[in-house]
Each structure stands twice: as C-alpha cells, then as structure tokens.
Amino acid sequence: QFFSQAMQDAAAASPSLQPAYQEYMATKAPPGPFFDQMLEAQRHDPAISRALEPYLEPRHPSQIYEGLLEGAALFTILWWVRNRWPNAPHGLLTGLFFIFYAIFRIIGEQYREPDAQMIGPLTSGQFLSTFMIVIGGGFVVYAFTRKDRTPGMTV
C-alpha cells in the first residue's frame, strides 16, 4: 500500500512516467521494471524526488558507525592493550576481541534498520552478539586462570 502510493505520486509528478505507470497498473506485473524506470527518470526530473520525499525517512550512516566502532575503535583498543601489556597471557586479546566486537555490534545495530526477525527486544544480530560476549569472557577467564600462565609472544 505504502509503496504503491509512492509510485502513484511519482508518476503523477512526471508526465514521462505516466505510460509506464499505466502499464504497471494494468498488468499487475512485479514493480521492478517500473521502479527502474522511475529511478532513471528521477535522475533527470527533480519533481519526482520532491513527490517521493514524504515517503523517505532519513537514515543514519550505520556503515560508517560500524566501520569506526568495529574497525578503528576495536583496532585501537587491541593495539593499546597489546603494546601496554606485551606479556599478556595467551587468550586475552582473543577474548577482548570477542567482547568488544560484540559490544560495538550491539551499539551499531541500534542505528540500522531492524531485522525482520526480532528475539525479544533484540535484533538477531544483537542476540547472537551476546553469545560472543560470553565466549570472549571465557577466553579472558581462561587467560588469567591457566596453571601454566606463560606470557604471550612478544614482537
């Protein structure tokens, strides 16, 4: 319903789309070909963009957030721990990777379009990330409770 109203408004905004819209409505074909024509016409006709504005919600650049959190911030934390404690026990960096990656993923998922399948109040990505926190905690506990706590490799 929402999509068809948006396509109707886009077609009403541009006379060049009227024949394609009429064909789409008459044949009840999948909207793909008409949608492609509408996108192509939108590049040249700002009236179509204005007609579609009420249907478009602004979005967060979640890929940038995830890149900064799961990439730059995670690397910085692990690099800092590795350089601050070069003789850290085996498994510590692995555990910290799992924990911080999961935490950053949970944070980043707040800004994405939610998955179709929710598990309680969590998206499926957030739910699965909770297991990564537990696994990471297991690595950290293992690192500090090993009987033969030999220091990690130094570079």
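The following paragraphs describe the overall form of a predicted model and the packing of its helices.

The chain contains seven helices and two strands. Read from the N terminus, its elements follow the order α-α-α-α-α-α-β-β-α. The radius of gyration is 25 Å, well over the 15 Å that the globule rule gives for 155 residues, so the chain is more spread out than a compact globule. Along the principal axes, the C-alpha atoms fill a box of roughly 75 × 30 × 20 Å. Of the 155 residues in the chain, 28% are buried. The accessible surface amounts to about 10500 Å², and carbon and sulfur atoms account for 64% of this area. When contacts between residues at least 6 apart in sequence are considered, 64% of them join residues at least 24 apart. Charged side chains comprise 11 positive and 13 negative groups, and the centres of these two sets are separated by 18 Å.

Helix 2 spans residues 18–27, and its buried residues include Ala-20, Tyr-21 and Tyr-24. These residues cover an arc of only 100° around the axis, which places them on the same side of helix 2. Pro-19, Glu-23 and Ala-26 are exposed on the other side of this helix. The cover over the buried residues of helix 2 includes helix 1 (2–13) and helix 3 (32–42). Just after helix 2, Lys-28 adopts a positive phi of about 55°.

A comparable description applies to helix 3, in which Phe-34, Met-38 and Ala-41 are the buried residues. Viewed down the axis of helix 3, these residues fall within an arc of 65° and therefore line one face of the helix. Such an arrangement can be read from helix geometry: an α-helix has 3.6 residues a turn, so residues three or four places apart point the same way. The face of helix 3 turned away from the buried side carries Pro-33 and Asp-36, which are exposed. The packing partners of the buried residues of helix 3 are helix 1, helix 2 and helix 4 (46–52). Helix 1 thus recurs, as part of the cover of helix 2 and as a partner of helix 3.

Two residues of helix 1 were examined individually. Ala-6 lies in this helix and has a relative accessible area of 7%; because this is under the 20% cut-off, Ala-6 counts as buried. Neighbours within four places in sequence aside, Ala-6 is in contact with Leu-52 and Tyr-55. The C-alpha atoms of Ala-6 and Glu-53 are 9.3 Å apart, although 47 residues separate the two in sequence. Phe-3 also belongs to helix 1, but its relative accessibility of 33% makes Phe-3 partly exposed. Phe-3 and Tyr-55 stand 52 residues apart in sequence, with a C-alpha to C-alpha distance of 8.5 Å. Tyr-55 therefore appears in relation to both positions, as a contact of Ala-6 and as the residue paired with Phe-3 in the distance given above.

Helix 7 (residues 124–145) provides a further point of reference, as Val-141 is found within it. Val-141 is exposed, with a relative accessible area of 52%. Between Val-141 and Pro-19 the C-alpha to C-alpha distance is 67 Å, and the separation in sequence is 122 residues. Pro-19 is itself among the exposed residues of helix 2.

How values were computed
Residues numbered from 1 in each chain as written. Predicted model: local features only at pLDDT ≥ 70, side-chain atom pairs only at ≥ 80, totals over all residues. Heavy atoms only, no water. Buried < 20%, exposed > 50% of the residue type's maximum accessible area, 1.4 Å probe, protein only. Helix = DSSP H or I, 4+ residues; strand = E, 2+ residues; numbered from the N terminus. Arc of directions from axis to C-beta. Contact = heavy atoms within 4.5 Å. Rg over C-alpha atoms; globule rule 2.2 N^0.38 Å. Areas by Shrake-Rupley, 256 points an atom, 1.4 Å probe, with all protein chains shown as cover. Lys, Arg positive; Asp, Glu negative; His and termini not counted. Charge placed at Lys NZ, Arg CZ, Asp CG, Glu CD.
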